[in-house]
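Let's take a walk through this structure together. Keep the view open, and we'll go from one spot to the next.

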Amino acid sequence: MAEDPSTSALTEPKLPGRTLWPRRIGRRLALGFGALVLLMLLVLSQVGWQLKMVSDVTQRFATGDMQRLLRVQALSILTEGVGSAMIRLMNAPRESRVMEYAEVDERNRRIDGIVESLINDLKDSGQEDTLQRLKASRTLYAQAFIATVDEVEADDLQAASRALNEQINPALKAMLTESNMLLSRERERIEGELEAVQSKFRKVTMWVGLISLLVVVLAAWLAWRTTRSVVGPLAQLELAARHIADGDYAVRVPSSSAQEVDRVGLALNTMAEAVAHRENQIVRLAYSDPLTGLPNRTALLTPAQEREDACNALVLMDLARLKVINETLGYATGDTLIKEIAVRASAVFQAATDSGLIGSHPVVARLSGGTFAAFFKAADRETVEILRERMELALTAPAVCGEHSVDLNLTYGFAQSTTHQPVNTLMRNAEVALHAAKRAASGFAWYSEAQEAARLGHLSLVSDLRLAVANSQLQMWLQPKYSLATGKAVGAEALVRWQHPTRGFVSPAEFVPFAEQTGYISMVTHWMLTQAVDTLARWAPVHPELSIAVNLSTRDLLDAGLAARIQGLLLAQDVNPKSLRLEITESGLMEDPARSVELLHSLRETGMPLSIDDFGTGYSSLAYLQKLPVNELKIDRSFVDGIDKSPASQRLMKTMIEMGHGLDMMVTAEGIETEAERSTIAALGCDVMQGYLASKPLFGAALQTWYEAL
Ligand code: C2E
Ligand code: MG
Ligand code: MG
């Protein structure tokens, strides 16, 4: 459990510079990717531009430069060809000259066409000069050509050949020279242009390469930086989450350079605090009793070595009659009493620690209902007894709950060991002692090996019980009951006794609980019912008003055939069902309330009256009692004990009697031993009494004497 309030921060990460680097991961990624996209666009535009340039150059080359070059070449070839065409013309016979003229004319026209187109096309001033000169030569050639043709037509071949040699050929030669010049210049120009384009292309390629490299470097840097700024803090978060998962809620995530991570870290810190808070709360709820704030049973029994080493005594303290107080005075009163005991017990044990009577850090816990436990170090039994006396002293003042003041009575069970014993063992021993104290109504009891031996002895006893029934070792004793109003006997309660061949007399308190656990009790019940019905059959002719009450156990309540069996017994002896009463203890009824109601109805239908025995010791509610077809309430002996001296007990008794009457029940008080008790309960309105004052349980001759005296 993370009780330590100091918070442990995980090692602080190295924060990157905070100047331009954004705090948010989203912005970082946007910035990084934005820059990358821009650079990529730049590269793409460069590549696109380059591609366009290449296509432009190629197109220009194909459509312009190449055409022009071809035309200039054609001009040279045509010019060369004109000379030979002229010679062929002059030597041709007259009749075939027409064809030759046509050929020469065609060449001339083509030369003119090319020259014209070149004049339009060439913008270079050097080329233009050359073209002008070519044009001039062409004019000379045209004049010479006309002159020569005239000579040829005049059939003066000598003059024609002279004109050819002196005028045409020089003009053609000049034209050829110019056209060759044009050709070589055009070639040079194209080569120059190509060279320029190539160098530009190389430059752009270099640029694109450089930018691409930059993009790659930048991308790598951004990836590294972003990753580092996210992964580091995320690792911190992961580590913190693991700490929290391991229950270390003191861990705190340090702030990082990334805002988003910071937010998650903050949420994680808040979560750790909330979980720690809630876990503390759960632990508190799991280990403490909400009513008193004392540790609960779990806290007491949770093994804590140090505590077990230090403590060697365990005292169980049980508040008597809590259930009845709850039922009659209300749950708020019950709660007040419990809280009152918690306060007084804590004070007693604290004072004992302060004065050095017991070891430090005693644990006072509330186990359940009105049961408390104290676990502490005591030097000897005497110390524990002194503590009990101090507790009794602390409880002398009654608890005040509104207008009521209620006596606080505790029953104690003590367990102490000189050797080391775990708390569970001490607790079990103290429980055994507490039960013994309650059985003996002695107020307190020490755990002893003998109690344990007795417990084990009971087990062997139970196995003898079967024989007891078969061998008639059981006896039915009858304890008379008297009407408080008339003083007359109204009947008796049948109480079983066991005359064990070796152990002697065994009290029902000793074997009945164990017989119930093993199921042998149904044999006992059946035996008692038979005896009671026999007795009733004998009594009926003289005293039909007397009834006999037989005790049923919890086990009997599980037997669905019980009602039919009893009816069979009654019929066999012709006994009125009204004279056979059945007592069921309140705690027995509460073990399976729904089923009990069902069985009680089936019993009631046979006409037998039913009683709730030991009322006030169980946990029945008024609402539940109302549902029961019962007509007698037998108030437990513990409420009667000393009632004349306790106004609080009188108030309780009065409430219970009124409640019984309110539900149309006859109210019987058990265990009346003194005249003072009798007159007190009679004054409180009780109907019937049963107790040693009137008569102890009777058997044999004593019973016969009582019966005859009626
Ligand atoms: P219970 O039914 O409440 O019976 C009353 C017990 O109180 C009897 O104890 C009786 O002897 C005792 N008692 C009566 N008057 C006084 C008195 O003035 N002072 C004191 N101190 N005690 C008084 P017993 O016979 O020892 O029976 C104890 C319990 O054993 C009975 O309590 C009943 O729950 C159970 N029990 C007795 N016989 C049978 C039985 O046949 N079948 C079953 N299932 N349980 C039985
Ligand atoms: Mg009884
Ligand atoms: Mg009783």
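Start with the magnesium ion (ligand 3), whose donors follow the spacing D-D-x55-E along the chain. Bear in mind as you look that this is a predicted model. Put names to that pattern and you get Asp613 (OD), Asp614 (OD) and Glu670, the last listed with two OE atoms, at 2.1 to 2.4 Å from the ion. Asp613 sits in strand β15 and Glu670 in strand β17 (residues 666-670), so this pair ties together parts that are 57 residues apart in sequence. Are these two side chains on buried or exposed residues? Asp613 has 5% relative accessibility and counts as buried. Glu670 comes out at 10% and counts as buried too, because the cut-off for that label is under 20% relative accessible area.

Now slide over to the other metal. Asp613 bridges the magnesium ion (ligand 3) and the magnesium ion (ligand 2), and the two ions lie 4.0 Å apart. The magnesium ion (ligand 2) is coordinated by Glu493 (OE), Asn551 (OD1), Glu583 (OE) and Asp613 (OD), with distances of 1.9 to 2.2 Å. Along the chain, those donor residues are spaced E-x57-N-x31-E-x29-D. Glu583 belongs to strand β14 (residues 580-585) and Asp613 to strand β15, so here the pair ties together parts that are 30 residues apart in sequence. Like Asp613, Glu583 is buried.

Next, have a look at ligand 1. Which residues come nearest to it? Of the 22 around ligand 1, they are Glu493, Arg497, Asp613, Glu673 and Tyr692. You've already met Glu493 and Asp613 as donors to the magnesium ion (ligand 2). For polar contacts, a polar side-chain atom of Asp613 lies 2.8 Å from an oxygen atom of ligand 1. Asp614 does something similar, with a polar side-chain atom 3.0 Å from an oxygen atom of the ligand. Arg637 joins in as well, with a side-chain N or O atom 3.1 Å from an oxygen atom of ligand 1. On its own, ligand 1 has 790 Å² of accessible area, and the protein covers 85% of that.

What is the shell around ligand 1 built from? By character, its residues divide into nine nonpolar, five polar and eight charged. By element, β11 (489-500), α13 (508-518), α14 (521-539) and β15 (610-615) each supply at least two of them. The largest share, four residues, comes from β11.

From there, step across to helix α17 (residues 593-605). This helix has 13 residues and reaches 18 Å from its first C-alpha to its last, close to the 18 Å expected at 1.5 Å a residue. Its buried residues are Ser596, Val597, Leu599, Leu600 and Leu603. After α17 comes Gly607, which has a positive phi, near 100°.

That brings us to backbone angles. Most residues other than glycine have a negative phi. Where might you look for exceptions here? One of them is His361, which isn't a glycine but has a positive phi of about 55°. His361 is found in the loop between α9 (331-354) and β4 (363-368), and it is exposed, with a relative accessible area of 66%. Ser472 also has a positive phi, near 55°. Ser472 is placed in the loop between α12 (449-470) and β10 (474-483), and at 56% relative accessibility it counts as exposed.

Conventions
Residues numbered from 1 in each chain as written. Chains lettered and ligands numbered in written order. Predicted model: local features only at pLDDT ≥ 70, side-chain atom pairs only at ≥ 80, totals over all residues. Heavy atoms only, no water. Near = heavy atom within 4 Å. Polar contact = N/O pair within 3.5 Å; in protein donor to acceptor, adjacent residues only side chain to side chain. Areas by Shrake-Rupley, 256 points an atom, 1.4 Å probe, with all protein chains shown as cover. Helix = DSSP H or I, 4+ residues; strand = E, 2+ residues; numbered from the N terminus. Nonpolar A, V, L, I, M, F, W, Y, C, P; charged D, E, K, R; others polar. Donors = N, O, S within 2.8 Å, 3.2 Å for Na, K, Ca; no water. Buried < 20%, exposed > 50% of the residue type's maximum accessible area, 1.4 Å probe, protein only. Expected span 1.5 Å × (residues − 1).
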